[in-house]
Number of protein chains: 2
Amino acid sequence: MANNLPYAFTCQSIPCDTDAMTEFDPAPHATSDDRPADLRAGAFQGVREARRNELAEDYVELIAELIHDQGEARPVDIAARLGVKVPTVSKTLDRLAREGLITRAKYRSVFLTDDGRSLAKECRRRHEIVLRFLISLGLDPVTAERDAEGIEHHVSERTLALFSAFASRS
Amino acid sequence: MANNLPYAFTCQSIPCDTDAMTEFDPAPHATSDDRPADLRAGAFQGVREARRNELAEDYVELIAELIHDQGEARPVDIAARLGVKVPTVSKTLDRLAREGLITRAKYRSVFLTDDGRSLAKECRRRHEIVLRFLISLGLDPVTAERDAEGIEHHVSERTLALFSAFASRS
DNA sequence: GCACAAAGTTAGACATGGCTAACAATCTGC
DNA sequence: GCAGATTGTTAGCCATGTCTAACTTTGTGC
């Protein structure tokens, strides 16, 4: 699923990377805390990694949505949906093109590459699972949507599976 | 500063501005507009806001931890825990000092201000709740720690309450 | 088919967050 | 109390993400 993507979307996209950085132990001595420091240390690595990709994921997911709903993805619409200005979008789209997630021609709307499309699909899947999970927990849809938007980039495959199972059996 | 927290944690407090796009239906299930676009549009605002504060939150939380565990928070330890280089920490600490979350003197270790302390406490609380929730869902502790680190900055108070309740009754 | 509006781009400013290299201060072990 | 190791700071580089201002292109209406 994720192996044709140009990035290491390590935090979420690769289900079996859970051994990657947990063995690193910078703290000279973890005192009698019941919550070992090394766990947290390792966690930061993954989070920083994930943060680097959040924006790209938001973009491709949104672009896919716009194409689906309106037939095309125009910078002006992307900007409106994200709540940023058009030049910001333009610059970011350049980056995404450079990274092979989209293609674009000057003054024309944006298209996803195969990589972009599969990233979008993956993102959408995560989004849906998180959203359904939150709603099945009893959260109102507005808050659920907002929280899902933030959370979706930070859930591991393992957690996603639990969320999914929980939502199904509710 | 309104309350004793230096930032607006607007991730949860942004009112839903339902003005933008019309309906569309990306989800296969919904008949017409079960999940209106405006929900997602609004969500991005909050997420971007939250992202701006994540790093500061990570820092103060970690600083509080270091002070608790080792008596002091030194840049070298912060750097090791976060997995970044010391100059990066130094620069970020300058910013946090500028923002009134910490105090520091040259070549000495770092202290939290009252604002910093209450932010740290708040973050720790969120972290604990998310972590306990994930574990009570059945997630292994290592993954739970990693996911909690990413998720904690993006859960609304409402979601947190649900998480907390769920973890308690398990 | 022209003029104007809307959309897109480019340039440039600014803050952040990461890095390395070079230097300064502090701490430690004789 | 001094030398060397460790720690911390400063300077400077780069990429990103945001903005505004100015310009260009596209598209529309008449």
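**Beside DNA strand C, one of its phosphate oxygens sits 2.9 Å from a polar backbone atom of B:Lys85.** This is a predicted model, so local features need pLDDT of at least 70 and side-chain atom pairs count only at pLDDT 80 or more, while totals for chains, interfaces and linings use all residues. Residues are numbered from 1 along each chain as its sequence is written, chains are lettered from A and ligands numbered from 1 in the order in which they are written, and side-chain values use heavy atoms, with hydrogens and water left out. Two more pairs are worth a look here. An N or O atom in the side chain of A:Arg74 is 3.4 Å from a phosphate oxygen of DNA strand C. B:Lys91 goes for a base instead, with a polar side-chain atom 2.5 Å from a base oxygen of DNA strand C.

**Stepping back, 21 residues surround DNA strand C.** Near, here, means that a heavy atom of the residue lies within 4 Å of the strand. The closest are A:Arg48, A:Val76, B:Thr88, B:Lys91 and B:Arg95. On the DNA side, 72% of the strand C atoms that come within 4 Å of the protein belong to sugar and phosphate. Helices and strands are DSSP runs numbered from the N terminus (H or I for helices, at least four residues; E for strands, at least two). At least two residues of this surface come from each of α3 (75–82) and α4 (86–98) of chain A and α4 (86–98) of chain B. The largest share, five residues, is down to α4(B). By type, the surface splits into nine nonpolar, two polar and ten charged residues. For that tally, Ala, Val, Leu, Ile, Met, Phe, Trp, Tyr, Cys and Pro are nonpolar, Asp, Glu, Lys and Arg are charged, and the others, Gly among them, are polar.

**Over at DNA strand D, A:Thr88, A:Lys91, A:Arg95, B:Arg48 and B:Val76 come nearest of the 21 residues around the strand.** Sugar or phosphate makes up 70% of the strand D atoms within 4 Å of the protein, with bases as the rest. A:Thr88 puts a polar side-chain atom 2.7 Å from a phosphate oxygen of DNA strand D. The side chain of A:Arg98 has an N or O atom 3.3 Å from a phosphate oxygen of the strand, and B:Val76 has a polar backbone atom 2.7 Å from one. Two or more residues of the surface near DNA strand D are given by each of α4 of chain A and α3 (75–82) and α4 of chain B. Here α4(A) has the largest share, five residues.

**Polar contacts link chain A to chain B at A:Ser156 and at A:Asp140.** A polar contact is a pair of N or O atoms within 3.5 Å; within protein, one must be able to donate a hydrogen and the other to accept it, and residues adjacent in sequence count only if both atoms are side-chain atoms. A:Ser156 sits in the loop between α6 (141–151) and α7 (157–169) of chain A. Its side chain meets that of A:Thr159 at 3.0 Å and that of B:Asp147 at 2.7 Å. In the loop between α5 and α6 of chain A, the side chain of A:Asp140 meets that of B:Arg158 at 2.8 Å. Buried means under 20% relative accessible area, exposed over 50%, and partly exposed in between (1.4 Å probe, protein chains only). A:Ser156, at 7%, is therefore buried, whereas A:Asp140, at 22%, is partly exposed.

**Helix α5(A) is mostly covered, with 17 of its 24 residues buried.** At 1.5 Å a residue, this helix (residues 114–137) should span 34 Å, and its end C-alpha atoms are 35 Å apart, which agrees; the expected span is 1.5 Å times one less than the number of residues. A salt bridge is a side-chain nitrogen of Lys or Arg within 4 Å of a carboxyl oxygen of Asp or Glu. A:Arg124 forms one with A:Glu65, with the closest N and O atoms 3.8 Å apart. A:Arg124 is in α5 and A:Glu65 in α2 (residues 37–70) of chain A, so the pair ties together parts 59 residues apart in sequence. Within α5, A:Arg125 and A:Glu122 pair at 3.0 Å, N to O, about one turn of the helix apart.
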